[in-house]
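Open the model in a viewer and set it to show ribbons, with side chains ready to switch on. Each stop below says what to select and what is there.

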Amino acid sequence: MKFNRFIVPALILALSGGAALASEPISQRQISVTGEAQIQVPPTVATITLGVTEQADEAVNAMRQVSKTMVAVIDQLHKAGIAAEDLQTRQISVNPIWTSAGSYSSGQERKITGFTASNTLMLRVRDLDKLGEVLDQVLQVGANEFRGLQFGVVDPSEIYDEMRGAAVKDAIAKAEQLAVAADLTLGPVLTITDHGGNDGGQPMMLEMARSSAMPIEAGELSFSHNVSVVFGIAEAE
């Protein structure tokens, strides 16, 4: 009976495979939620990017004019109480000015008629009550370009810590609500993933204005934070 010799090993293999499948752990049931937190706080610092741009027939003359005016701007900022560590040069450039007439097809070459030089400075103003006054002063001494204004807080670490805790509590509350609605018993936390959030600062562009004490409202900054939390589901007794 050669046929039986093949049946017995096949039966043993099938039984051993079934035992292996039975020994594999059943995947744990889970509840996944996203916790969110938001907070509004008044800003404590303003970051401004401003500059000086000048034109001249020669590149060296354009840069000399820019440097002279920027020295006056920095001196005025020091007089207004802005510390040296709150000032940083961001960009210095010199670019040619070309004639608009002329092209390769017409046979006329474009020519350089002058040069534009610029110096860009970033500064932090920690006394927001003086922000409009500071801007007005640098305008009067020659600053003629603004790249933007952004409000922020000096040390946001406490805000982030508070929001992380609030986001986790929000996740726990949502998970408990889902478990009750589904007639389940919430188990332990399996994983927590911190997704971070926005930093509250929104850049704004400033229009040039030569007026007395430029009016600026700081308002409030809105911070938000998100976490993902996975909970296990306790087995019914």
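**Stop 1: the end of helix H4**

Directly after helix H4, select Asp183, which takes a positive phi of about 55 degrees. Asp183 does so although it is not a glycine. Keep in mind that this is a predicted model. Asp183 sits in the loop between H4 and strand S6 (185-196). Is Asp183 buried or exposed? Asp183 is exposed, with a relative accessible area of 70%.

**Stop 2: along helix H4**

Now select residues 157-181, which make up H4. This helix has 25 residues and reaches 36 Å from its first C-alpha to its last, close to the 36 Å expected at 1.5 Å a residue.

Which residues of H4 are buried? They are Ile159, Met163, Ala167, Ala171, Ala175 and Ala179. Colour them and look at how they are placed along the helix. An α-helix has 3.6 residues a turn, so residues three or four places apart point the same way. To see what covers the buried residues of H4, show strand S1 (30-41), S6 and S7, which are included in the cover.

**Stop 3: Arg164 and its partners**

Stay on H4 and show the side chains of Asp161 and Arg164, which meet in a salt bridge with an N to O distance of 3.1 Å. Both residues lie in helix H4, 3 residues apart, about one turn of the helix.

Next add Asp194. The side chain of Asp194 also meets that of Arg164 in a salt bridge, at 3.2 Å from N to O. This pair links distant parts of the chain, with Asp194 in strand S6 and Arg164 in helix H4, 30 residues apart. Arg164 counts as partly exposed at 32% relative accessibility, and Asp194 is partly exposed with a relative accessible area of 42%.

**Stop 4: an aromatic pair**

How many aromatic pairs are there? The count comes to 1 aromatic pair. Select Tyr160 and Phe223 to see it: the arrangement is edge-to-face, with 6.3 Å centre to centre and 70 degrees between the planes. Tyr160 lies in helix H4 and Phe223 in strand S7 (residues 221-234), so the pair ties together parts that are 63 residues apart in sequence.

Switch on a surface to compare the two partners. Tyr160 is partly exposed, with a relative accessible area of 23%, whereas Phe223 is buried at 1%.

**Stop 5: helix H3**

Move to residues 131-140, helix H3, which is mostly covered: 7 of its 10 residues are buried. The buried ones are Leu131, Gly132, Val134, Leu135, Asp136, Val138 and Leu139.

What do the buried residues of H3 pack against? Show strand S2 (45-56), helix H2 (59-79), strand S4 (112-125) and strand S5 (145-152), since these are the elements to select. Then step just past H3 to Gly142, which takes a positive phi of about 130 degrees.

**Stop 6: other salt bridges**

The structure holds 6 salt bridges. Select Glu145 and Arg147 for one of them, where the closest N and O atoms are 2.6 Å apart. Arg147 counts as partly exposed, at 36% relative accessibility.

Finish by selecting Asp86, Arg124 and Arg126, which are linked in a network of salt bridges.

Technical notes: Residues are numbered from 1 along each chain as its sequence is written. This is a predicted model: local features need pLDDT of at least 70, side-chain atom pairs count only at pLDDT 80 or more; totals for chains, interfaces and linings use all residues. Side-chain values use heavy atoms; hydrogens and water are left out. Buried means under 20% relative accessible area, exposed over 50%, partly exposed in between (1.4 Å probe, protein chains only). Helices (H or I, at least four residues) and strands (E, at least two) are DSSP runs, numbered from the N terminus. Contact means heavy atoms within 4.5 Å. Rings of Phe, Tyr and Trp (its six-membered ring) pair if their centres lie within 6.5 Å; planes under 30 degrees apart count as stacked, over 60 as edge-to-face and the rest as tilted. The expected span of a helix is 1.5 Å times one less than its number of residues. A salt bridge is a side-chain nitrogen of Lys or Arg within 4 Å of a carboxyl oxygen of Asp or Glu.
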